[in-house]
Structure formats: structure tokens, C-alpha cells
Amino acid sequence: MPINKSGGADNKVSKKGALTLEALQEENDFYRGRGGISEENRSYGFKPAFYDMESGVVYPSKFANGHEAPMHVLDGLPDDVVATRLNDGKVTAVCPGVISGFMQRGHFYTREQAALATSQLRDRTQMLSDPQQHNQLLDAWEKFLVDEDYPGDLIRPVVGDSWRRCYQSQTDPELQYAPIISDTEQLNQRRTLQADLMKAANPILQRASQVLFRTDSLILLADADGLILDAKADDAVLSQARDINLIQGGVWNETTAGTNAIGTALAAAEPVQLYGAEHFCAGIKHWTCSADVIRDPHDGKVLGAVDLSGLTDTYQSNALDFAIMAARLIESNLAKDYFYSRQQVIEATRSMFEGWKTEGLLAFDRRGRLVRANQHAHQTLKQLGADLVVSPQCRLPALDVDLPLAAANAPAWLQQQLTLPIELKNQRVGTLVVLSAQH
């Protein structure tokens with residue numbers, strides 16, 4: 001079955017080479033309890049499957065009789081990817097580059113990606129703020145500034161951990177507003193670097209701004225450093241937000257702005273809601289905010305955060321649900337673009353991988369993410385001493401065509417190899433690396 005959309009792979013197995021029955025068991029043990037095994041993600045629509053790095057083909061897991069298997073089984077894989085069998089026909093190993101994972105809605109996910117995708121359901125008991133405790137929290141904050149102590153039953157762990165980080169980094173508790181990048185050229189450069197994130201978020205922010213019309217709330221998109229890339233709200237709300245630089249260009253990581261939903265969500269890598277006194281800095285304590293992080297569908301890296309904020313008298317407990325939903329929708333758009341870029345590379349390199357039988361080939365998408373690798377590539381990389389895991393979750397920043405200066409930081413082994421642009425319909429969609437140990 002030719003792959004339509006694809007995802008990542010398990011680095012642990014790729015380092016070992018051929019996938020075996022023993023390796024499958026090790027994977028199950030490693031991912032048990034994390035959502036990376038069939039019994040834990042089946043209810044979310046994931047089905048066990050295998051991805052062939054060389055051909056770009058996904059094979060659903062099947063028994064030897066051709067029936068779909070509810071777990072990872074090697075016996076139903078075709079002969080061209082099988083490395084060894086027992087006399088009774090049982091498959092014991094497959095060719096290097098065949099990776100176990102899951103299919104969901106036509107997309108291939110590695111075990112790691114499936115685990116990330118199923119980790120969104122969380123225990124909400126410690127997520128929500130309690131506005132009724134505002135005055136008690138103010139007293140606790142003042143006590144904390146004096147002796148780094150507070151009532152353990154009053155301060156939620158996510159807040160206490162953030163306060164300690166702020167204290168240790170010597171963040172000014174009397175800060176009245178976050179710093180801001182006022183240089184338009186510098187801000188535009190930072191926003192350009194996040195073009196993919198902003199493209200994925202724009203329709204979500206636009207729709208959210210319509211829903212939030214006249215609600216005294218604003219929705220914000222920040223990058224991984226806490227820089228606000230975009231802000232949507234009524235003019236009146238934006239005017240109030242401008243007083244503390246909760247607008248485009250404001251820098252809201254914990255170090256610069258203290259405990260706040262954007263910075264604390266990024267630091268904790270999880271959804272965060274904060275009310276009034278839970279903020280670390282005095283000037284922000286009349287605001288309430290809810291945020292969740294946005295992760296890269298390729299490798300789970302935190303790309304930024306989406307935040308819903310307003311003055312404390314606008315507090316709504318469902319604001320956190322709103323932020324979480326917005327983050328998932330943005331991630332969905334990122335995933336669509338990611339899977340589409342992989343399919344473009346598979347289509348554009350089909351003839352290359354069929355025709356070039358003696359060279360080691362690596363095909364990357366335009367952001368430097370590995371899509372395909374033939375059998376010769378595995379051996380040549382070893383000969384080169386290249387520290388590269390042949391996996392769909394591999395990324396080489398030096399091959400990111402949207403970052404022209406990145407090539408200067410290419411690893412030594414890559415600098416000696418032939419690289420060719422991959423084009424489809426007169427558009428560059430990636431980079432082909434032709435490997436040779438003789439260079």
C-alpha cells in the first residue's frame with residue numbers, strides 16, 4: 001500500500017539495524033504506559049503498521065494469513081522487506097529501514113509520535129485556578145518573597161515550581177510589564193523564522209477572534225522563546241493589553257516576565273491556567289491567562305504556545321479548554337503540511353530511488369527532515385562515521401532550505417557529499433544527498 005502521508009520513527013530501533021522479534025518486544029516494554037503500544041492507543045484509532053524508509057510504503061500489521069493483526073506482527077510483511085525466516089515460515093527479522101509504528105486516518109506515526117498524540121488527555125484537577133483564593137494567594141506570594149516559603153496546600157505545584165524558577169533567576173517581582181521588541185525589522189525577522197507556525201495558526205486565531213468578539217479577552221500566539229508573534233482581540237482589549245506589553249512583540253518567557261501562562265506553559269511543557277495573584281510579577285496580577293504548548297508533529301519539539309488572556313474579572317474556567325483546543329487545531333494544521341511535504345518528496349524521488357541502484361541515497365524535505373533512505377545509505381553512513389539515525393524523525397537543520405545560513409553548520413561528513421535539489425512541478429520540495437565513502 002503506497003504511503004499517502006507519513007510521520008516519524010523510533011530512533012532506538014534504527015540504531016540497532018534490522019527490526020527483529022526481540023526488538024519489537026523491547027519497543028513494547030519501552031513504550032508501555034506512554035501510549036506507544038497497540039493496547040493503549042487502539043481506542044484513539046491507531047492501527048499497528050510498518051514503514052519502509054527505502055520505498056516510502058506503509059504496510060499494515062498482518063498475520064501470515066493476511067488478516068489484520070491487532071498488534072505488531074512481522075509474519076504478514078512481503079518477501080521484499082523480509083530478512084530472515086524460520087523453516088516454518090515465521091519471520092524473525094526484516095530489512096534495515098523498516099520501522100514499526102501506527103496508522104491513523106491515512107498517516108503513519110512512529111511509536112514516539114503516537115505516544116505524543118495520545119498524551120493530550122490529562123488530569124485536570126491541578127490545572128485550574130481558583131479565583132476565590134486570590135487574597136490568600138497574595139499573602140502567600142508576599143511570604144514567599146521574604147523566605148521562599150508558602151502553604152503547600154494552597155499553591156498548586158505548577159505555580160510553586162514557577163515561583164522558585166523566577167526567584168532563582170532573580171526575576172523582578174515588582175515588574176510592571178513584559179519587555180517588548182520595538183524594532184520593527186527585528187520583529188519581522190523573528191516572525192519570518194516562524195512562518196510555518198504562523199501559517200498553521202492564522203485560521204485558528206482568526207476564527208477565535210470572531211468567537212471572542214466583545215468578550216474582553218484576547219488570543220495570542222507565541223514562539224518557543226515566549227515572543228508574541230500575533231495577537232487578536234477587540235481594539236479596546238488590545239489597548240488594555242498594551243499597558244503590560246501583552247501584544248505582538250512582547251516577550252513573555254518566565255525569565256523576563258515571571259510566572260505567566262505563556263512562559264510557564266513553555267517551561268513546564270504542559271497546559272497552564274493562572275489567575276491574578278498566581279503571577280509572579282506585581283504588574284500582571286490583575287490578569288488571568290490560560291495557555292497550552294504547540295508541538296512539532298515531526299518530533300514533538302515545543303514550537304510555541306497559544307494563550308487566552310483577559311483581566312481577572314473576565315475569568316472563565318473553560319478558558320483553558322479553549323486554549324487546549326486551539327493548540328490541537330494548530331498542531332493539526334502543522335501535521336497536514338508536514339505529511340504533505342513528505343508525500344511530495346516521495347513522489348519527486350520515485351525515479352531516483354528506482355534508477356540509482358549503486359549509490360547511497362537520502363531524501364530530505366525542505367525543512368531538512370528525512371523521508372527516504374535506501375539500503376546503500378545505511379552502510380555508507382557507517383563507513384563515513386556519520387552520527388545520523390536513519391529514521392523519519394531524523395532532521396538535519398543544515399538542509400533546511402528556508403534557512404539559507406543553516407548550511408554553514410553542516411556536519412563534516414555532509415560537507416563532502418553531493419547534494420541535489422528535489423523538485424516537483426518546478427518547485428523545490430527538498431534535498432537529495434548522494435553518499436559516497438570515497439569523498
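Okay, let's start with the sheet: 5 strands make an open sheet, ordered E8-E7-E11-E10-E9, with antiparallel pairing. Pairing here needs at least two DSSP bridges between two strands, and strands are DSSP runs of E with at least two residues, helices runs of H or I with at least four, numbered from the N terminus. At the edges sit strand E8 (228-232) and strand E9 (272-275), each pairing on one side only.

Quick caveat: this is a predicted model, so local features need pLDDT of at least 70 and side-chain atom pairs count only at pLDDT 80 or more, while totals for chains, interfaces and linings use all residues. Residues are numbered from 1 along each chain as its sequence is written, and side-chain values use heavy atoms, with hydrogens and water left out.

Back to the edge: E7 (residues 217-223) pairs with E8 in the antiparallel sense over 4 bridges, and Leu 220 stands opposite Ala 231 in E8.

Now helix H6, residues 157-168. Its buried residues (under 20% relative accessible area, 1.4 Å probe, protein chains only) are Val 158, Val 159, Gly 160, Ser 162, Trp 163 and Cys 166. Who covers them? The cover includes helices H5 (134-147), H10 (254-257) and H11 (261-268), plus our edge strand E9. Right after H6 comes Gln 170, with a positive phi near 60°.

Trp 163 also turns up in the largest nonpolar core, which has 41 residues; Trp 163 is among those with the most contacts inside it, as is Ile 155. A core means buried Ala, Val, Leu, Ile, Met, Phe, Trp, Tyr and Cys joined through side-chain atoms within 4.5 Å. Apart from that core lies another, of 37 residues, including Leu 361 and Val 371.

Note on methods: Buried means under 20% relative accessible area, exposed over 50%, partly exposed in between (1.4 Å probe, protein chains only). The expected span of a helix is 1.5 Å times one less than its number of residues. Contact means heavy atoms within 4.5 Å.
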